Amino acid sequence: MKFVAVSSCPTGIAHTYMAAEALEQAGRAAGHEVVVETQGAAGSTPLDPAVIAAADGVIYAADLEVRDKERFAGKPFVDVGVKKAVHDAPGVLAAAIAAVEAGVPAATSAAVHTPSPATKVDRNASVGTRVRQWLMTGVSYMIPFVAAGGILIALGFMLAGIAWDGGNGAVEVTKIPVTDLVSNFDPTSLQQWSAVLFQTGALAFGFLVPVLSGFIAYAIADRPGLVPGFVGGAASVAVGAGFLGGLVTGFVAGGLAWWISRWNVPKGVRGVMPVVVTPLLSSLLVGIITLVVIGRPIAAAMDHLSDWLNGLSGNNLVLLGALLGAMMGFDLGGPVNKVAYTFAVTGLATEGLTADANQYKIMAAVMAAGMVAPLAMALATTVRKSLFTHAERENGKAAWLLGASFISEGAIPFAAADPWRVIVSSVVGSSVAGAVSMAFGAGLRAPHGGIWVLPLISNFWGFLVAVLVGMVISCAIVIALKSARPSAVVQAEQAADAQLAAAVATAA
Amino acid sequence: MSTPLITADLVAVDLAAADRDDATRHLIGLLAAAGRVTDADGFHADVRAREAQMATGMPGGIGLPHARSEHVTAPSLAIGRLTQGVDWGAPDGPATLVFLIAAPATGEGDHLQILAALARRLVHESFTTSLREAPDAATVAEIVTREVVPS
């Protein structure tokens with residue numbers, strides 16, 4: 001973790017610096033970064049704003065009023081006094097880590113935000129920064145769910161490939177219902193084990209959008225935001241709005257909870273506000289907005305898209321592949337993706353298909369396209385590390401496996417953090433993959449599975465080429481777009497890294 | 001650096017002191033003799049005032065009396081190794097190694113960097129241990145001069 005700290009003492013010549021040294025030392029020993037601003041008599045160099053931005057938490061080891069405290073607003077903190085930091089820096093650090101893990105938001109954050117900034121420009125800039133921070137909070141909590149769920153599903157597919165003969169294990173494994181596992185689990189059956197992996201992963205995936213939405217709302221409104229945020233995310237899933245819907249519900253829920261928790265209510269009601277009234281009202285409002293206002297147009301649009309696709313069938317296959325590919329890459333499991341996917345899967349169920357039926361080619365194009373986004377992000381984080389946050393780079397490693405397994409959701413953390421650049425690159429690359437797959441006439445008889453169903457793919461060299469071409473194109477576009485305007489979050493992180501490196505070099 | 005932070009005559013390696021005040025008083029005497037403190041009583045009062053705010057004893061048997069005072073002419077350090085520990089308000093027992101830090105009241109920033117560097121070194125056990133184990137006053141002063149360099 002990364003911490004910033006402020007130390008000060010009455011005389012400003014001894015404890016201020018001892019505390020700083022002890023905290024930095026404790027940080028190094030425990031593998032965390034601690035950058036200290038010593039507000040002492042020997043002058044104080046203000047912390048680099050980038051370092052503050054990148055910090056997970058703040059340590060106040062100060063016996064005097066902390067100068068410019070509003071710089072640290074909104075971050076979890078511990079306030080221990082200077083002596084404690086000198087005597088027991090590792091303990092103070094541990095408390096700070098606990099505060100960050102508990103996500104204890106600064107009680108003063110709301111109060112500090114209220115005074116309106118002097119100029120309009122400032123106001124816009126700070127709102128932009130805050131929106132990005134809210135978004136990143138949601139994404140950072142979602143990433144472990146993507147990795148854990150996605151890898152479990154992929155492992156389930158992998159194991160299923162061994163457990164079933166004939167190469168269609170990845171298909172069969174999804175047909176074993178949970179009730180079956182509960183009532184007659186057989187520990188000697190590889191098939192059952194693969195189903196356990198798959199179902200557990202699928203359950204973890206069920207949390208993606210609620211966690212994204214819930215923690216965006218939490219970042220906006222603190223604790224009161226959690227309930228409406230999670231409920232809104234789940235509602236977004238229920239109406240098929242996917243992660244883009246989850247972004248919307250996160251911001252709506254956070255805004256509502258923030259607003260309601262600031263109502264001026266009679267003293268008697270105040271006690272039950274955070275536990276009952278705020279979660280209840282904000283959840284209800286988010287539910288109404290999502291189910292009634294957002295749900296219907298999405299359902300209608302999905303129906304129209306489906307009808308339109310069905311009308312297109314039989315026309316130019318390469319164009320159809322490009323179109324389906326673009327849809328697959330657009331919202332990564334959201335409504336548009338789902339229409340394309342359902343269109344392909346429904347086709348598979350047609351009676352009496354010949355071996356080279358168009359339906360198989362459509363399925364292959366859809367799967368090739370759906371593998372592109374996570375693979376492209378994995379490739380981009382490998383070849384251009386500097387364009388991505390630490391969390392994204394970690395997620396990039398998991399994305400290789402997720403992409404190879406046709407789990408498009410592996411790219412959601414990237415898309416949620418930087419929607420338009422990632423979605424543009426994903427749409428183009430996926431579209432190319434769909435078209436190339438069609439051009440090669442690759443066919444697929446399984447509805448999912450990625451590389452784990454390769455035996456079920458006809459002309460699978462053509463299929464692989466399609467995936468690789470799409471991946472490289474998508475990767476090149478996202479690198480170009482991100483290079484043109486680097487993200488502030490990434491820059492802040494790198495500034496912090498550089499400062500740390502310099503500090504380490506000086507110390508050595 | 002016109003005046004070094006410490007010299008051998010500011011170190012008392014076998015200091016017999018009855019209590020905190022006595023030890024402090026003795027170290028102030030060394031500073032006064034070296035011309036770094038103009039008014040020993042005045043400076044002692046400043047140190048006492050600081051000590052009254054919050055005892056400066058540290059874990060590991062260290063006392064750290066200090067003050068910024070108008071009676072101080074240059075940032076200075078006097079070190080006393082006590083033959084018998086005296087209570088310095090530390091939670092884990094009496095102090096046997098005492099650092100008296102004297103800072104001039106006027107002068108900001110760069111001037112006091114040396115004291116900041118000293119404070120940072122004090123946190124390192126290897127530093128204080130080497131001072132405890134040094135054979136004589138000259139070696140103590142030499143270790144401080146070598147290790148305490150303003151960043």
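The exercises below, each with a worked solution, concern a predicted model.

Local features need pLDDT of at least 70 and side-chain atom pairs count only at pLDDT 80 or more, while totals for chains, interfaces and linings use all residues. Residues are numbered from 1 along each chain as its sequence is written, and chains are lettered from A, ligands being numbered from 1, in the order in which they are written.

**Exercise 1. Describe the sheet of chain A with the order 2-1-3-4 and name its edge strands.**

Step 1. The sheet is open, has four strands and shows parallel pairing; strands are DSSP runs of E of at least two residues, helices are runs of H or I of at least four, and both are numbered from the N terminus. Two strands pair if DSSP finds at least two bridges between them.

Step 2. Strand 2 (33-38) and strand 4 (77-79) of chain A are the edge strands, each pairing on one side only. On average, neighbouring strands are turned by 15° against each other, direction ignored.

Step 3. Six bridges join strand 1 (residues 2-8) and strand 3 (residues 57-62) of chain A in the parallel sense. Ala5(A) is placed opposite Ile59(A) of strand 3 of chain A.

Step 4. Across strand 1, strand 3 and strand 4 of chain A lies helix 4 (residues 89-102) of chain A, which runs at about 145° to strand 3. Axes are lines fitted to C-alpha atoms, for helices over the stretch in contact, and angles run from 0 to 180 degrees between N-to-C directions.

**Exercise 2. Characterise the packing of helix 15 against helix 16 of chain A.**

Step 1. Two packed helices are described by the angle between their axes and the distance between the axes. For helix 15 (residues 317-331) and helix 16 (residues 335-348) of chain A, the angle is about 140° and the axes are 6 Å apart.

Step 2. Helix 15 of chain A is therefore oblique to helix 16 of chain A. Angles under 35 degrees count as roughly parallel, over 145 as roughly antiparallel, 65 to 115 as roughly perpendicular and the rest as oblique.

Step 3. Residues in contact (C-beta atoms, placed from the backbone, within 7 Å) include Leu324(A) and Phe330(A) of helix 15 and Val336(A) and Tyr341(A) of helix 16 of chain A. By class, the contact has 10 nonpolar residues, one polar and one charged. Ala, Val, Leu, Ile, Met, Phe, Trp, Tyr, Cys and Pro count as nonpolar, Asp, Glu, Lys and Arg as charged, and the others, Gly among them, as polar.

**Exercise 3. Locate Leu332(A) and Asn459(A), and state whether each is buried or partly exposed.**

Step 1. Leu332(A) lies in the loop between helix 15 and helix 16 of chain A. Its phi is near 45°, a positive value in a residue other than glycine.

Step 2. Leu332(A) is buried, because 27 other C-beta atoms lie within 10 Å. The cut-offs are 20 or more for buried, 12 or fewer for exposed, and in between for partly exposed, with C-beta atoms placed from the backbone.

Step 3. Asn459(A), with phi near 55°, is in the loop between strand 6 (457-458) and helix 21 (460-484) of chain A. Asn459(A) counts as partly exposed, because 17 C-beta neighbours lie inside 10 Å.

**Exercise 4. Summarise chain B and its contact with chain A.**

Step 1. Chain B has five helices and five strands, in the pattern β-α-α-β-β-β-β-α-α-α along the sequence. Of its 151 residues, 46% count as buried.

Step 2. The contact takes 22 residues from chain B and 19 residues from chain A. Helix 3 of chain B supplies the largest share of the chain B side, six residues.

Technical notes:
Contact = placed C-beta atoms within 7 Å.
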